[in-house]
Amino acid sequence: MDEYYGGWKDPKKEKWNRQTNDASYPLPEFKYTGKRGLGSEGAPDKAEKVSGTGIFGRDVSYPGMLYAKTLMCPYANAKIRSMDTSKAEALPGVRGILRYDDPEWKDAIGSEQSTWGTDTFGMNSAVSGEVGHAEQRIGVAIAADTKEIVDEALKLVEIDWEERDFVIDWDNASEQFVVFNETTEVYGDVDQGFIDADRVIDVKIKRNNTVWAGTEGCVATAVPYGDHYMDVYAHNQVPHNTGYYLSQWFPQCKTHIRAPYHGSQFGSLNWVGYYPSFPLTACILAKKTGKPVQHLYDQSHFDGGSQADGTFEWKIGMKDDGTITAIECWNTCAPAFGRIGGASGGFWCWENYKIKNYRYHVKNVNVAQGRHSCWKHGGGYVLVGVIPIAAVAEELKMNPIDVMMKNNGTCGHDWAWMQSFMTEYGFDPNRDSLKECLDACNKVIDMKTEWHPAGTKILPNGKYHGLGFTVSNQWTHVLGDKGGSWIGLALRPDGTLCIKALRGDQGTGWQGAWVRVAADEMGMKVEDVDLVGVHDEEYFHAHDEGCSGGTISNVMSIVKAARKLKKWVLEAATFKEDNWVITSHGAGWTNVKSLFPDKTPEELDIKDSMVFEKANPSNKVTLGQVVRTVDTGGHGGEHRRPLFDWGWTRNIDPVLNPDIFQELHGWPCLVRNTQFMEIEIDPETGKIDVIKGVAVTDPGKAFYPEGIEQENLGGFITGFTRAGFEELFYDPTTGVQLNNDLIFYPVSVMNDTPNVVAGYVETGGGYGPYGSVGNGETPSASGQSCITTAVYNAIGKWVDAPCTPDRILKALGKI
Amino acid sequence: MSEEKDNKIGLGKISRREFLRDAGIVVGGTAVSSAFFLSACGEEVEVTKTVTTTAPGSTVTTTAPGATVTTTAADNTVTVTKYTCPVDGLEFDSLEALKAHYDAVHGDAAPVAENVINLTVNGGDYVVNVKPEWTLQNVLRDQLGLTSPKDMCFGEGACGSCTVIINGRPVLSCMTLATECNNIIVETAEGLLAQNHPLIESYIKYAALQCGFCTPGFVVTAKALLDRNPNPTESDIREALGGNICRCASYPGHIPAVLDAATKLGGA
């Protein structure tokens, strides 16, 4: 069993997979992990991406491949009464049509009932004949020889529409559009918390609609081989789930999932809105036509909104010393994924502070905006917790840093409790992640001395001066909270190592993290490590990708696999001919011509891809030499295969593992991230100038430093732009989107980029390998609150997001 | 004017569409244009232009698509009339000379192969049979198998991810008709990798990307910048890359990456 867990001898430790300060779990020499300047060898995907030679979803191409699209509805809320596709069918070049009343399409997609409620976020509208927002996919999918023929054919489809009432603004919706209105989270005794408070204040902010505006439009390519097998190229951060759903809803073929790169953002139509129905439509058309089919959705950038958008109202109770006694929050917003939407900010607050009492209410309105979903997940979470800090600081004229530190804690416990917990579970009790992040930020922007009460500082140039901040946990700190993983390692006869797992591709650092850790754990040169390619089979599954919980789950599996594989390598090097070995994965070894027959595995080690004798390092051979000594048997002479092993990491979550959560008193979060922002606002124009910004995270243990810093920089900027000027507008009369393209939807460009610096601290406070946590999502989610608090500090008014000049001037009473 | 000149020199041949588009080009101050139409392939095509140039000094280099003319004029004003072959872009001093060339080289019976373009991509020569509605992006991706010109905005010219270098200039390949691309020289990000251009390693060094979808467009735009300005300032880089969208907001990383490449190339 010990071997199975790859060295985790204490079941209790295995539960939480914590390795820091654990003498029974020696750390490898970090020759590459956490090191800079490794170039493309330390990040194998980068050269492919920079040069454009890497294969993304829309780069997949096959001879004779058809293109397919689904009709988009011109109305905000409508139903198909009848449809005539005869003219489209007659158009030369049209090869296949699926109608909403075709059983082969309707039954397959209509049967989706995943726990994510993808029925309303995916393509169920297409087969239901009903939509809830303009440009939602509906009614008919057409495959043809060219994209142009598809577009022409879709125009020839004649539909008798039934138009229905709709609402755009969740704040002004009648009850008929309210689909959910309940209290969703309660922690502690909120009423008593308000009774205990010295002061109680209210705050209200609205975050208007922003969209994913992803990079590469949705795509799925299905390639049939005969009647019963099909390759599916998924544009998905969770490709294994595409395989799972296709196995259920497309039993006509055995599908094999491939995972090209996918230019995108986290979440949205890269996630739960994608994996069941979008590739399924491609598969059905491929089956029907017998040809490869590439299903495209060019408008996917603007389908749906952000889960962080909505109207938030807070009631905040506080002591005069800055201690927050209770927070109650009402969140009115669009549904997400067809189930309950909202920011779930209560749990976020619970994990982040010592505040004991929360009550969180969600009201979902079925607005004609498409489903709101996560992308760069968590902006709403952070907002729920940050605004009270800023409001309390202003109410008490305290520095927000002091308010943050006053409420420092986790799961309703204070810092002293955190220290005892860290001591008990082997973390360093002297590493206060919040304080270290704040100190790092303060070196760039001196919030400690420069902060001022809101609206009180006018600069010599006549502009308002504002200092903003944000604070968040690294919410991917729970090992496997985004899912488990199992990853294989194959040490080839040439001495190179291949990491094998079906994986999505997101973020900056996952490949850099994987190869660094694998090299260090195996004792190999990093340039000798590579990863499975796009076209390889999916026997092993990473969780998601490098982002978020994926990092710690996947790297953990790599660590486990490497430790087992290294053991086999050393046994092979010292193989005794009278032995016959069955490896952990079942393969048998025989006829091994051992290179160190008079040694034991314990007398050898591996460094720089060489197996050597510890007592006599000059006695060494290459890894390839060792692998080539192992004959795995077979007809026709010697057979040389890779040495192979694998590791896995399980999922742990509050539902599946209540015992663990109960024992841990919730899930104490020990790592944080913070950002500071300095702005000036022109009182005449309302224009914001970001003078300076700083973003610091605590990844626990950094694997790929450049990647982490890039995530922090990008997160700061996307956070700033999402809450600063991004907004999707709707025609209130027709419900049609007015700026749903990249010309008019205001994403940031180079000249919008403020002067921002990024850094990180490493406290080892994560539950992942070497004390790590995921890093990618939190900087962006945090940044959305930074600009909001900065504007408030500048002008003394809460301004709805995005904080556009017109809204600022309105807040100033100038328009 | 000098930059316009430099980028046009060596173009050699132009398409009829480009000829028509640029017939009124302003060179050195004022210009007028006139036209003479030659019937070619059942279509009337403009083959002449008259350019009046005004410039200080006695030597004027006049550059227009398909021709470079150096003249000397004491009064600084020169009028040049050229007759351009609609098929291969060669210029002649008279209509008769053009007609003689056309009959001899192309022949009355020879149809103008408007759907065939010759182009050089990353140092390789290609002949491609194109459709009128195709863009250069279609040619590069679908015909030549080059995946670096990406498509983020679906042909609206809004994102810069399809950028390639044409005759030294960064151009949106999704907004460039393939029929306009006869005899052009194209550089893509794949070509920069093949020539081991320092920008590739500099972008990796500074991790100036996240998902990487938009990155080739940035890289070739930066390459064009460094070709014309070996010592760019941060402001120059921001300006040059201002038309490229990165949804991951990798923007800060591009500046040190481009400066690093400039240093490796001997500038900065």
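These are my notebook entries on a predicted model with chains A and B.

**Entry 1: the two chains**

I began with chain A, which has 815 residues, 66% of them counted as buried. Its secondary structure comes to 22 helices and 32 strands. I then looked at how far apart in sequence its contacting residues lie. Of the contacts in chain A between residues at least 6 apart, 79% join residues at least 24 apart. Chain A exposes about 27,200 Å², and carbon and sulfur atoms supply 50% of that area.

I repeated the look-up for chain B. It has 268 residues, and buried residues make up 55% of them. I found nine helices and 12 strands in chain B. For contacts in chain B with a separation of 6 or more, residues 24 or more positions apart account for 55%. The exposed area of chain B is about 11,000 Å², with 51% supplied by carbon and sulfur atoms.

**Entry 2: where the chains meet**

How many residues does each chain bring to the contact? I noted 54 residues from chain A and 45 residues from chain B. The area buried between chain A and chain B is about 3,900 Å². Carbon and sulfur atoms give 61% of this buried area. On the side of chain A, I noted Val50(A), Gln710(A) and Met750(A), which supply 20% of the area that chain A buries against chain B, more than any other three residues.

**Entry 3: nonpolar cores**

I looked up the largest nonpolar core and found that it has 75 residues. Those with the most contacts inside it are Ile679(A), Leu742(A), Val791(A) and Tyr203(B). Helix α7 of chain B, residues 215-228, gives the largest share of this core, seven residues.

Apart from this core lies another, of 52 residues. Its members include Ile316(A), Val392(A), Ile445(A) and Val696(A).

I took Val791(A) from the core of 75 residues for a closer look. Not counting residues up to four places away in sequence, Val791(A) touches Ile679(A), Ile681(A), Ile688(A), Gly796(A), Lys797(A), Val799(A), Cys803(A) and Ile808(A).

**Entry 4: Val696(A)**

From the core of 52 residues I picked Val696(A). This residue is found in strand β31 of chain A, residues 688-697. Is Val696(A) buried or exposed? Its relative accessible area is 4%, so I entered Val696(A) as buried. Leaving aside neighbours within four places in sequence, I listed its contacts as Cys437(A), Ala440(A), Cys441(A), Asn673(A), Thr674(A), Asn712(A), Gly759(A), Tyr760(A) and Val761(A). I also looked up Glu436(A), which is 260 residues from Val696(A) along the chain. The C-alpha atoms of these two residues are separated by 9.3 Å.

**Entry 5: helix α10 of chain A**

I next went to helix α10 of chain A, residues 345-352. Seven of its eight residues are buried, so the helix is largely enclosed by the rest of the structure. The buried ones are Gly345(A), Gly346(A), Trp348(A), Cys349(A), Trp350(A), Glu351(A) and Asn352(A). I then asked what covers the buried residues of α10(A). The cover includes helix α11 (379-396) and the strands β7 (178-187), β16 (358-365), β18 (409-410), β20 (464-473) and β30 (672-681), each of chain A.

**Entry 6: aromatic rings**

A search of the whole structure gave me 17 aromatic pairs over all chains. One of them joins Phe30(A) and Tyr770(A): the ring centres are 4.9 Å apart and the planes stand at 70 degrees, so the pair is edge-to-face. The two residues are 740 residues apart, and the pair links distant parts of the chain. Phe30(A) sits in the loop between α1 (11-16) and α2 (44-51) of chain A, and Tyr770(A) in the loop between β32 (756-760) and α21 (777-795) of chain A. Tyr770(A) counts as buried because its relative accessibility is 5%. Ring pairs link Phe30(A), Phe703(A) and Tyr770(A) into a cluster.

I also noted the pair of Phe720(A) and Phe725(A), edge-to-face at 5.9 Å centre to centre with 85 degrees between the planes. Phe720(A) is buried at a relative accessible area of 7%, whereas Phe725(A), at 23% relative accessibility, counts as partly exposed.

**Entry 7: lysines over rings**

Last, I looked up lysines that lie over ring faces. Lys49(A) lies over the face of Tyr261(A), 4.7 Å from the ring centre. Lys567(A) lies over the face of Trp568(A), at 4.6 Å from the ring centre.

How values were computed. Residues are numbered from 1 along each chain as its sequence is written. Chains are lettered from A and ligands numbered from 1 in the order in which they are written. This is a predicted model: local features need pLDDT of at least 70, side-chain atom pairs count only at pLDDT 80 or more; totals for chains, interfaces and linings use all residues. Side-chain values use heavy atoms; hydrogens and water are left out. A nonpolar core is a set of buried Ala, Val, Leu, Ile, Met, Phe, Trp, Tyr and Cys residues joined through side-chain atoms within 4.5 Å. Buried means under 20% relative accessible area, exposed over 50%, partly exposed in between (1.4 Å probe, protein chains only). Helices (H or I, at least four residues) and strands (E, at least two) are DSSP runs, numbered from the N terminus. Contact means heavy atoms within 4.5 Å. Accessible areas come from the Shrake-Rupley method with a 1.4 Å probe; for residues, only the protein chains shown count as cover. Rings of Phe, Tyr and Trp (its six-membered ring) pair if their centres lie within 6.5 Å; planes under 30 degrees apart count as stacked, over 60 as edge-to-face and the rest as tilted. A charge sits over a ring if NZ of Lys or CZ of Arg is within 6 Å of the ring centre and within 35 degrees of the ring normal. Buried area is the accessible area (1.4 Å probe) that two parts lose on being put together, summed over both.
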